[in-house]
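The following exercises concern a single protein model. Each task is followed by a solution that proceeds step by step.

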Amino acid sequence: MSLQTVGLITYDYPHLKTEQILLRIVEKQYNYKMYALPFTPRKPREVLVQHRPDQTISIPPEVLAQKFNIPYFRCNSDKDIDNSCDVYLVLGAGILSPECIAGKKVINCHPGIIPACRGLDAFKWAILDMKPLGITLHFVDEAVDAGEIIAILPTNAFQSDSLETLARRHYENEIDICSRFDELLENPVNSYKDIAVGNPRKRMSYEIEKTLSTALNQYLEQYG
């Protein structure tokens, strides 16, 4: 795929993943456009394991755009994202509407191996369900976590891992694969083509999450 203009879809709000990826890709020779969507904070909920860092501890995307002379478009909704880019990279967004993705090549990074681990809290459900951990780079379509796969990179597990160290490595893998979107478009990687299809999952409840530490021991026996 020949790329010249890359659209970056994010929140109009400080977002760590956006900062981390942009700082890795800004030196690539593309014309970037940043589309900033409204951000609605989630209701606080009790969790046992934070599977990724606090995303709000970052500088605003608009500051990044100004620093690197990237046009910044503040959108009222995802329907305001135009079709002027060769490809769009989702750095931060909810589920995009059919009107948004129509006519666009939109790339998303999912923190689970598609189609086995779909939906929310993929890191936690993979451990509980004894499924391999990995990150999927894929095109977005109207189905949840079911678009054409570009690449899957496994997350290495070690016998000495805790939930915290494994979650950190998994998140670092997410930043890495998303930052290499162009390289992986040219050279796809997927050793999980025959993996069984799983149903989309919802947020893991705190009560179920309490069983993760015990599940991790069994998980590392198989995958560590």
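The model is predicted.

**Exercise 1. Determine whether Arg 201 is buried, partly exposed or exposed, and identify its salt-bridge partner.**

Step 1. The relative accessible area of Arg 201 is 30%. Partly exposed residues lie between the cut-offs of 20% and 50%, so Arg 201 is partly exposed.

Step 2. The partner is Asp 129, and the closest N and O atoms of the two residues are 2.7 Å apart.

Step 3. Asp 129 belongs to the loop between helix H4 (122-128) and strand E6 (134-139), whereas Arg 201 belongs to the loop between helix H6 (181-186) and helix H7 (206-209); the pair therefore ties together parts that are 72 residues apart in sequence.

Step 4. Asp 129 has a relative accessible area of 29% and is likewise partly exposed.

**Exercise 2. State which parts the salt bridge between Glu 62 and Arg 74 ties together.**

Step 1. The side chains of Glu 62 and Arg 74 meet at 2.7 Å, N to O.

Step 2. Because Glu 62 lies in helix H2 (residues 61-67) and Arg 74 in strand E3 (residues 72-74), the salt bridge ties together parts that are 12 residues apart in sequence.

Step 3. Glu 62 counts as partly exposed, at 28% relative accessibility.

Step 4. In the whole structure, a search finds 15 salt bridges. One network of salt bridges links Arg 24, Asp 176, Arg 180 and Glu 183.

**Exercise 3. Compare the expected span of helix H5 with the distance between its end C-alpha atoms, and describe how far the helix is covered.**

Step 1. Helix H5 comprises the 17 residues 163-179, for which 1.5 Å a residue gives an expected span of 24 Å.

Step 2. The end C-alpha atoms of H5 are 24 Å apart, which agrees with the expectation.

Step 3. H5 is mostly covered, as 12 of its 17 residues are buried. Among them are Leu 163, Leu 166, Arg 169, Tyr 171 and Ile 175.

Step 4. Arg 169 forms a salt bridge with Asp 161, with 2.9 Å between the closest N and O atoms. Both Asp 161 and Arg 169 are buried.

**Exercise 4. Describe the largest pocket by its volume and its lining.**

Step 1. The volume of the largest pocket is about 1600 Å³.

Step 2. Its lining consists of 49 residues, and those nearest the centre are Tyr 11, Arg 42, Arg 52, Leu 120 and Arg 203.

Step 3. By class, the lining of the largest pocket has 23 nonpolar, 13 polar and 13 charged residues.

Step 4. Strand E5 (106-110) and H4 each supply at least two lining residues; E5 gives the most, with three.

Note on methods:
Residues numbered from 1 in each chain as written. Predicted model: local features only at pLDDT ≥ 70, side-chain atom pairs only at ≥ 80, totals over all residues. Heavy atoms only, no water. Helix = DSSP H or I, 4+ residues; strand = E, 2+ residues; numbered from the N terminus. Expected span 1.5 Å × (residues − 1). Buried < 20%, exposed > 50% of the residue type's maximum accessible area, 1.4 Å probe, protein only. Salt bridge = Lys/Arg side-chain N within 4 Å of Asp/Glu carboxyl O. 1 Å grid on protein atoms, 1.4 Å probe; cavity = no way out; pocket = protein on both sides within 12 Å on 5 of 7 lines; lining within 4 Å. Points joined across faces, edges and corners; volume = space filled by probe spheres on them. Nonpolar A, V, L, I, M, F, W, Y, C, P; charged D, E, K, R; others polar.
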